[in-house]
Amino acid sequence: MVVTTQLVVVLLASWSGRKAGLWGRKPLLLAAFGVLPVRAVLYTLTSNTGALIAIQILDGVAAAIFGVVSVLVIADLTRGTGRFNFTLGAIGTAVGIGASLSQVIAGSIVHHFGSSAGFLFLAAVASAAFGIFYFFMPETRDKLLLNPTP
């Protein structure tokens, strides 16, 4: 299953970088955030190995976009400040802490209530992240580049 995700990341990373330059960062990140709850819910609907591997494609889509576009957002936000590496490290640390907490909390839920409950919890968290991002995160790409004057 990990190989499926990584293959999709390899195939989509370059594409997501190009599209982030054309469309802006926010639309792509919203797509990545939107894929996560869908993926989590789909996991609760099947135990078929082939279907589970296919669902991993969605994980690869999200990972490719996050991996490339999050670095572009950090570059946008820190341009000219000399704090790119510090910010990238801080975000990486936050992501690591979030992933660790996710494993502990979802693992506890799975232990007590089953795997479907764990996936639905993760879907709820991902949905909340989507909403927060949608309402509170501005586009970071230079507006002049998004709307060039002819």
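This is a short talk about the salt bridges in one protein structure.

Hi everyone. Before we start, please keep in mind that the model on the screen is predicted. A little background for the newer people: side chains of opposite charge can pair when their charged atoms come close.

So, how many salt bridges does a search of the whole structure find? The search finds three. Let's walk through them.

We begin with R25 and D76, whose closest N and O atoms are 2.6 Å apart. This pair links distant parts of the chain: R25 sits in helix α2, which covers residues 25-45, while D76 sits in helix α3, residues 49-78, and the two are 51 residues apart. Are these partners buried or exposed? R25 has a relative accessibility of 9%, so R25 counts as buried. D76 comes out at 11%, so D76 counts as buried too.

Now stay with D76, because there is another bridge here: its side chain also meets that of R79, at 3.4 Å from N to O. R79 has 58% relative accessibility, which means that R79 counts as exposed. Which residues do the shared partners join into one network? They are R25, D76 and R79.

That leaves R39 and D59, with 3.0 Å between the closest N and O atoms. Here R39 belongs to helix α2 and D59 to helix α3, so this bridge ties together parts that are 20 residues apart in sequence. R39 has 18% relative accessibility, and because buried means under 20%, R39 counts as buried.

If you'd like to find these on the screen, start at D76, which forms salt bridges with R25 and with R79. Thanks for listening!

Definitions and conventions: Residues numbered from 1 in each chain as written. Predicted model: local features only at pLDDT ≥ 70, side-chain atom pairs only at ≥ 80, totals over all residues. Heavy atoms only, no water. Salt bridge = Lys/Arg side-chain N within 4 Å of Asp/Glu carboxyl O. Helix = DSSP H or I, 4+ residues; strand = E, 2+ residues; numbered from the N terminus. Buried < 20%, exposed > 50% of the residue type's maximum accessible area, 1.4 Å probe, protein only.
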